[in-house]
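Dear colleague,

I am passing on the structure below, and my notes on its helices and aromatic rings follow it.

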Amino acid sequence: MNILQGPLRALCVWAVLMAPSPLLAQQLGVPQSDVLTISSERLFADSRFGQRVFREIEAESALLADENELIVAQLSKEEKDLTDKRSEMSASEFRPLAEAFDEKVQSHRDSQRAKLDALARHGEEARNQFFEMAQPVLIELLREYGASIVIERSNVVLSSDASDITDTAIARIDAAIGDGSALEDANDK
């Protein structure tokens with residue numbers, strides 16, 4: 001009595017043919033592993049997208065630093081003028097001027113802090129956008145390597161370098177989205 005006859009045999013043959021073949025993947029030069037690792041920090045920082053974002057933030061930070069220097073110089077001059085006037089005024093005349101100056105200083109501090117916060121948000125939003133755009137590439141690599149999971153390399157105690165796909169992912173993401181400026185320009189329209 002032959003159990004593997006007819007439709008059951010055809011199903012078994014089909015299942016064997018459709019199963020991913022580690023041998024075939026290794027022949028194609030793609031190492032097989034159930035678990036892949038990636039350095040998300042390097043993925044972002046070494047990608048063309050991440051490098052563009054870092055340049056933008058650096059330029060905006062430099063402008064903000066220049067603006068801060070200008071504000072500090074102006075406030076220092078105002079403070080000196082106010083200090084010089086102090087000896088010529090009574091306490092009741094001086095107090096409103098000093099309070100107004102303190103409010104001005106606090107307003108500038110708040111304004112500059114808000115600009116720094118906005119700059120930090122811009123960096124975080126760009127990073128989130130990058131990983132959203134990179135996800136299809138990472139999914140394709142997951143499938144290509146026959147893996148079931150990609151984990152953060154810094155969370156791994158020990159692994160072979162063959163499981164790290166960071167360099168491959170950077171190259172593929174760069175090819176897919178470049179520095180991302182064209183995609184952002186399209187979204188702005």
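Within what distance do the axes of α4 and α5 come, and at what angle do they cross? This is a predicted model, in which local features need pLDDT of at least 70 and side-chain atom pairs count only at pLDDT 80 or more, while totals for chains, interfaces and linings use all residues. Residues are numbered from 1 along each chain as its sequence is written, and side-chain values use heavy atoms, with hydrogens and water left out.

The axes of α4 and α5 come within 11 Å and cross at roughly 175° (axes are lines fitted to C-alpha atoms, for helices over the stretch in contact, and angles run from 0 to 180 degrees between N-to-C directions). The two helices, α4 and α5, are therefore roughly antiparallel (angles over 145 degrees).

On the aromatic side, there are five aromatic pairs, where rings of Phe, Tyr and Trp (its six-membered ring) pair if their centres lie within 6.5 Å. In one of them, the ring centres of F49 and F130 are 5.4 Å apart with the planes at 40°, so this pair is tilted (neither under 30 degrees, which is stacked, nor over 60, which is edge-to-face). The pair joins distant parts of the chain, 81 residues apart, with F49 in helix α4 (residues 48-86) and F130 in helix α5 (residues 91-145); helices are DSSP runs (H or I, at least four residues) numbered from the N terminus. Both F49 and F130 are buried (under 20% relative accessible area, 1.4 Å probe, protein chains only). Ring pairs also link F44, F49, F54, F130 and F131 into a cluster.

Best regards

Conventions:
Buried < 20%, exposed > 50% of the residue type's maximum accessible area, 1.4 Å probe, protein only. Parallel < 35°, antiparallel > 145°, perpendicular 65-115°, else oblique.
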